[in-house]
Amino acid sequence: MSMPAFKDDSPVAQRPKLYTVEQAKELDAATVKDLFAAHINPGQLHFLKLLGFDKILVDRAEGMHYITRDGRKILDFFGGFCSVAFGHNHPRIVAARKTFQDENRHEICMAFMSQYASALAANLAAISPGDLDMVFLGSTGSEAMEAALKVAEQAQGPGKSKILHAANSFHGKTKGVLSVTDSTLYQSQFKLVENRVKVPFGDIEAVRQALESDPSIGIVVMETIQGGGGIVEAPLGFWRELRALCDKHGVLWVADEVQCGLGRTGQFFAFERDGVVPDVTALAKALGGSKAAMGAMIARREIYMKAYGKPKTALIHAQATFGGMGEACISAIEGLNVLYDEDLMGNAQRQGDYLLERLNALRVKYPNLLKEIRGRGLMIGVEFQDISETMPFGVKHMVALLDDKLKGSLCGFVGALLLKEHDVLVAFTEYNRNVIRLEPPLIVTREQCDQFIAAFEDVLSRGVTGIVTGYLRKIAAAKG
Ligand SMILES: Cc1ncc(COP(=O)(O)O)c(C=O)c1O
């Protein structure tokens, strides 16, 4: 790979040669690929090439679409793992940001109280059920979850700081939450927090046994719907029973709503399904209006006050440098108003029900390809049959030469063909390679759902051999 010629290697350069904003906007795909490999993540490029995604350079994004440099309009059913709830560049959120800039409003406000952060925190408290009233603002889901575990641990004290978490969980990759993210790949080289225990997700008896046998467990942390695990829900009533168990044993329940929250399931928080309230929760992803990095930990007032309520404890986990930046708060405030004004939660429910119905019909039609359709609202998992045993011998060999990861799973082939031939983008799944995730923006229309289903059926109709050979012909052949 040739290095981009732009970098000045001279050790005495007064001013390094820097890309300007205009130059950055005009870079071509080949140069971006070189820069990505040289400075960001060469290993990741392998996977982008495998899927043919390295050929795409997005120029703009509007509503449900990415628009590429060569004018393709890509329908976004990926939604940035739920970060694009409002669609790309929602006009009201963009306008609120522009006005904020035109008025020369301040961004960083560490010395004073911020009216924007205060209003956003009040909005989140107004939306959240029960006394989930106290808000810590950060920039990412991991940061919100770090804050969630810390407030719970501080409130419980050292004698009750053991954390119970779920198998196949994903709570982020920063040092603290990594210990409760159940992935050997992500965890293996790092020293983890030791006082933790794992149970199968959605198994209330396993939780009961753990809490009854170990009084040092003080915190239960779980995603309400597992995203990285492949869109997996706990049985109806699970959260109600968990709430009762936590109350009985003096345990705090931390609900990770980073991916499933913010209206995606048709309710603002997915835990509302069971009519109960956790002690602490966390939001991120689309919270910044799909324009800004924004995460929030929301704690019950009683828990927060116990942890940080006194002047002596107030600064233990207080505002970080970029927590509650002005424009990020404005984006979030406008986004929350848009969510209600445009009935995006109602739309998520309606379009989600429609998609589930159409996908289930496809499952009945293509039982050799589709194993299960699951999810709620616009958080849908499409699980494919494992084809490691059934893949025709001839193609199996060719696929194995490309990458081991492609061997048993149809998802990579299907996702690559959807993009290449239909301009439709879907998401893959960390822990279950047989699951495609559909998490489109909450503004998706019935027509766009039909467009997706038509594209998906076109690919499915080719059968295993047709899908794999189509991939080998169209994507693997162009790999380079
Ligand atoms: C449930 C859940 N929690 C936490 C995180 C971490 O969020 P971030 O990537 O913003 O740090 C994610 C990210 O995918 C997530 O899905």
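Strand β3, which spans residues 73-76, pairs with β15 in the parallel sense over 2 bridges. Keep in mind that this is a predicted model. If you look for a residue pair that links these strands, try leucine 75: its bridge partner in β15 is valine 424. In general, the strands of a sheet pair through backbone hydrogen bonds, either parallel or antiparallel.

Now step back to the whole sheet. It is open, has 4 strands with mixed pairing, and runs in the order β1-β2-β3-β15. Which strands stand at the edges? They are β1 (58-62) and β15 (424-425), and each has a single partner strand, so one side of each is left without a neighbour in the sheet.

Let's move on to the ligand. The space it takes is the largest pocket. Among the residues around the ligand are Thr140, Ser142, Phe170, His171, Glu223 and Val258. Sorted by class, this shell has 2 nonpolar, 6 polar and 3 charged residues.

Three polar contacts of the ligand are worth finding in the structure:

| Ligand atom | Protein partner | Distance |
|---|---|---|
| Oxygen | Polar backbone atom of glycine 141 | 2.8 Å |
| Nitrogen | N or O atom in the side chain of aspartate 256 | 2.7 Å |
| Oxygen | N or O atom in the side chain of lysine 285 | 2.7 Å |

How much of the ligand's accessible area does the protein cover? On its own, the ligand has 390 Å² of accessible area, and the protein covers 82% of that.

Definitions and conventions:
Residues numbered from 1 in each chain as written. Predicted model: local features only at pLDDT ≥ 70, side-chain atom pairs only at ≥ 80, totals over all residues. Heavy atoms only, no water. Near = heavy atom within 4 Å. Polar contact = N/O pair within 3.5 Å; in protein donor to acceptor, adjacent residues only side chain to side chain. Areas by Shrake-Rupley, 256 points an atom, 1.4 Å probe, with all protein chains shown as cover. 1 Å grid on protein atoms, 1.4 Å probe; cavity = no way out; pocket = protein on both sides within 12 Å on 5 of 7 lines; lining within 4 Å. Sits in = over half its atoms within 2 Å of the grid points. Nonpolar A, V, L, I, M, F, W, Y, C, P; charged D, E, K, R; others polar. Pairing = 2+ DSSP bridges.
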